[in-house]
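Trainee: Before the descriptive terms are accepted, I should like to see the reasoning behind each of them. May we go through them in turn?

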Amino acid sequence: MSTGLAAELAEQEAALVLPRFTNDDAWRLGCLLVDLARERSAAVTVDIRRGGQQLFHCALEGTSPDNDAWLERKGRVVLRYGTSSLAVGERFRAKGTTFEEASFLDPALYAAHGGAFPLRVAGVGVVGVVAVSGLPQTEDHALVVTALTRFLS
């Protein structure tokens, strides 16, 4: 991973820490993501989970069940590594390999592609995942970061 990108991803995760994360927060964040996607005419599916519970899910027009599978696979990466799915994929690429080749994890269950981001609560740690699927991976990631930034402002 380039030093610049690694630093940028680390800064995002350090800055986007929540004071708490309730079911109502999941609804507000999910609706914000859906509104942002609609403003951009982006065909995405949005998913928010805390622990083992799905708190928000919305599939916009133009998406398919494949997007749901991507969300699950990217979300598993976040929970396993405690960092964004984009950052995990970039770490492997920086080593001259791919996540699929070197992680020894089943690619049918795990995908280190951008779009899933840890829901980190101050003083607690990672409590869940917010994820988007439907755009190129860096755009999925950027949409989530934009929404979390607005949510925290």
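**Terms and their grounds**

Mentor: In this predicted model, buried residues make up 44% of the 153 residues in the protein chain.

Trainee: Why is Ser41 called exposed?

Mentor: The term exposed requires a relative accessible area over 50%. Ser41 has 70% relative accessibility, and therefore counts as exposed. Its place is in the loop between helix H2 (23-39) and strand S2 (45-50), and its phi is near 50 degrees, a positive value in a residue other than glycine.

Trainee: What makes Phe104 exposed or buried?

Mentor: Buried would need a value under 20%, exposed one over 50%. The relative accessible area of Phe104 is 79%, so Phe104 is exposed. This residue lies in the loop between helix H5 (99-102) and strand S4 (116-121). Phe104 is not a glycine, yet has a positive phi, near 65 degrees.

Trainee: Why is helix H4 described as mostly covered?

Mentor: Of the 10 residues in H4 (residues 85-94), 7 are buried, a term that applies under 20% relative accessible area. These are Ser85, Leu86, Ala87, Val88, Gly89, Glu90 and Phe92. Just after H4, Gly96 takes a positive phi of about 80 degrees.

Trainee: How do you know that the radius of gyration agrees with that of a compact globule?

Mentor: The rule is 2.2 Å times the number of residues to the power 0.38. For 153 residues this gives a value near 15 Å, and the protein chain has 14 Å, so the two agree. Along its principal axes, the C-alpha trace spans about 40 × 35 × 30 Å.

Note on methods
Residues are numbered from 1 along each chain as its sequence is written. This is a predicted model: local features need pLDDT of at least 70, side-chain atom pairs count only at pLDDT 80 or more; totals for chains, interfaces and linings use all residues. Side-chain values use heavy atoms; hydrogens and water are left out. Buried means under 20% relative accessible area, exposed over 50%, partly exposed in between (1.4 Å probe, protein chains only). Helices (H or I, at least four residues) and strands (E, at least two) are DSSP runs, numbered from the N terminus.
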